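Here's a quick walk through this one, strand by strand and pocket by pocket. Have the viewer open and follow along.

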Amino acid sequence: MINPKVKVAVVGKGAIGSLIAYSCQQQKLDFQLLLKNNNTITLDVEKIDGEKIRVYPSSSDINDAADFDIVVFPIKAYQVLGALQQLSQSVRPKHTLVLLHNGMGTIEQVKALYPNNPIVAATTSYGAFKPTDTNVKETGLGKTHLGWVSKCRNNAILIESTISKLLPPSTWHQDIQLALWKKLAINSVINPLTAINNITNGELVNIKFHKLIHTICSEVSQVMTSVGYPTNSDTLQQSVLRVIEATANNYSSMHQDITFKRQSEIEFINGYVIKKGRELNIPVPENQLLFNKIKELEKI
Ligand code: KPL
């Protein structure tokens with residue numbers, strides 16, 4: 001018999017994970033947070049319209065998680081592998097794994113570790129940050145794009161409808177890779193340029209960045225086209241400019257990572273473009289320069 005109450009587990013209590021916890025509470029879903037230690041926490045979420053809600057998640061230790069059907073990873077790309085290893089005692093082949101982060105390259109890692117699990121890849125344009133460990137501020141209402149990388153054989157409709165409720169509105173794609181590449185192109189431009197120049201996203205409209213943005217888009221478009229997603233630099237540049245305008249007052253996640261001396265996601269953003277460029281024999285020198293500069297900044 002189909003169990004109508006799908007159990008959701010969310011790894012960590014990052015900004016996006018906290019928004020997911022908020023949605024789960026609002027939608028009355030059965031959910032828990034998987035944390036490094038199983039301390040009881042509450043989260044104070046301030047929605048973009050100013051509404052303030054306290055979220056009371058139940059939680060488990062990530063090394064000893066209680067039962068779930070879906071586990072969502074709204075964590076940095078470089079944390080995914082570690083989290084999956086910590087979950088090795090709890091993950092069964094029936095569990096759906098949902099990857100939700102900037103950058104690309106983790107799907108390959110997850111498939112290698114859990115070849116039989118259903119996997120969903122997702123990207124969202126929601127914005128949020130955490131002024132304190134338990135406070136979350138929503139800074140942008142977004143949209144979420146989702147797609148099966150490996151589809152589950154049972155309950156797919158129920159699983160899809162549950163995942164769709166986490167960061168609505170959600171669109172399911174036959175081929176999520178295209179949406180991931182489009183987001184990768186945007187992140188390859190905005191994230192390193194804002195971090196290197198210590199500026200908001202909006203400051204990238206300055207004419208002095210136009211040529212550089214065009215060159216980065218040109219390199220990414222050649223790689224995208226070669227992996228089977230034909231595009232060109234003008235198309236990518238237009239979508240980059242749309243995001244720059246829509247998020248003008250925001251500091252990008254990479255800007256924040258560099259400012260707060262955290263590891264950045266450069267390996268999974270421009271680093272992924274470089275890796276694919278190398279495999280396909282496509283030179284991507286501007287992406288390489290940005291990669292090198294961010295690596296230098298990470299050391300400071
Ligand atoms: O995803 C983002 C990020 O900051 O990581 C963008 C789209 C650039 C918005 O800031």
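Which residue in β6 is the bridge partner of valine 8? That's isoleucine 70. Before going further, keep in mind that this is a predicted model.

**Around β6**

Valine 8 and isoleucine 70 make a handy way into strand β6, which covers residues 70-73. Strand β1 (residues 7-11) runs parallel to β6, and three bridges join the two. β6 also pairs with strand β7 (residues 96-100), again in the parallel sense, this time over four bridges. One partnership to click on there is phenylalanine 73 with leucine 99 in β7.

In a regular strand, side chains alternate between the two faces of the sheet. For β6, both faces are covered: Ile70 and Val72 are buried on one side, and Val71 and Phe73 are buried on the other.

**The four-stranded sheet**

Now move to an open sheet of four strands, in the order β4-β3-β10-β9 and with mixed pairing. Its edges are β4 (52-55) and β9 (127-132), each of which pairs on one side only. On average, neighbouring strands here are turned by 25° against each other, ignoring direction. Strand β3 (residues 43-46) and β4 run antiparallel and are joined by four bridges. Across that pairing, aspartate 44 stands opposite arginine 54 of β4. Helix α1 (residues 15-26) packs on this sheet, touching β3, β4, β9 and β10 (135-140). The direction of α1 makes about 90° with that of β4.

**Two loop residues**

Just past β4, in the loop that leads to β5 (58-61), sits proline 57. Is proline 57 buried or exposed? Its relative accessible area is 6%, so proline 57 counts as buried. Leaving out residues up to four places away in sequence, proline 57 touches Phe31, Leu33, Ile41, Thr42 and Leu43. Leucine 141 is 84 residues from proline 57 in sequence, and their C-alpha atoms are 22 Å apart.

Histidine 101 is in a loop as well, between β7 and α3 (106-113). With 13% relative accessibility, histidine 101 is buried. Its side chain makes a polar contact of 2.7 Å with the side chain of threonine 106. With the same kind of sequence neighbours left out (up to four places away), the residues that histidine 101 touches include Ile75, Lys76, Val80 and Glu265.

**Ring on ring**

How many aromatic pairs does a search of the whole structure find? It finds two. In one of them, tryptophan 181 and tyrosine 272 have ring centres 5.7 Å apart and planes at 50°, so this pair is tilted. Tryptophan 181 belongs to helix α5 (residues 176-197) and tyrosine 272 to helix α9 (residues 270-280), so the pair ties together parts that are 91 residues apart in sequence. Tryptophan 181 and tyrosine 272 are both buried.

**Around the ligand**

Finally, the ligand. Around it are Asn102, Lys183, Asn187, Ile190, Asn191, Asn201, Val243, Ser252 and Ser253. The table gives some distances from side-chain N or O atoms to a ligand oxygen.

| Residue | Distance to an oxygen atom of the ligand |
|---|---|
| Asparagine 102 | 2.7 Å |
| Lysine 183 | 3.2 Å |
| Asparagine 191 | 3.2 Å |

Methods:
Residues numbered from 1 in each chain as written. Predicted model: local features only at pLDDT ≥ 70, side-chain atom pairs only at ≥ 80, totals over all residues. Heavy atoms only, no water. Pairing = 2+ DSSP bridges. Axes fitted to C-alpha atoms, helices over the stretch in contact; angles between N-to-C directions. Contact = heavy atoms within 4.5 Å. Phe/Tyr/Trp six-rings, centres within 6.5 Å; stacked < 30°, edge-to-face > 60°. Buried < 20%, exposed > 50% of the residue type's maximum accessible area, 1.4 Å probe, protein only. Near = heavy atom within 4 Å. Polar contact = N/O pair within 3.5 Å; in protein donor to acceptor, adjacent residues only side chain to side chain.
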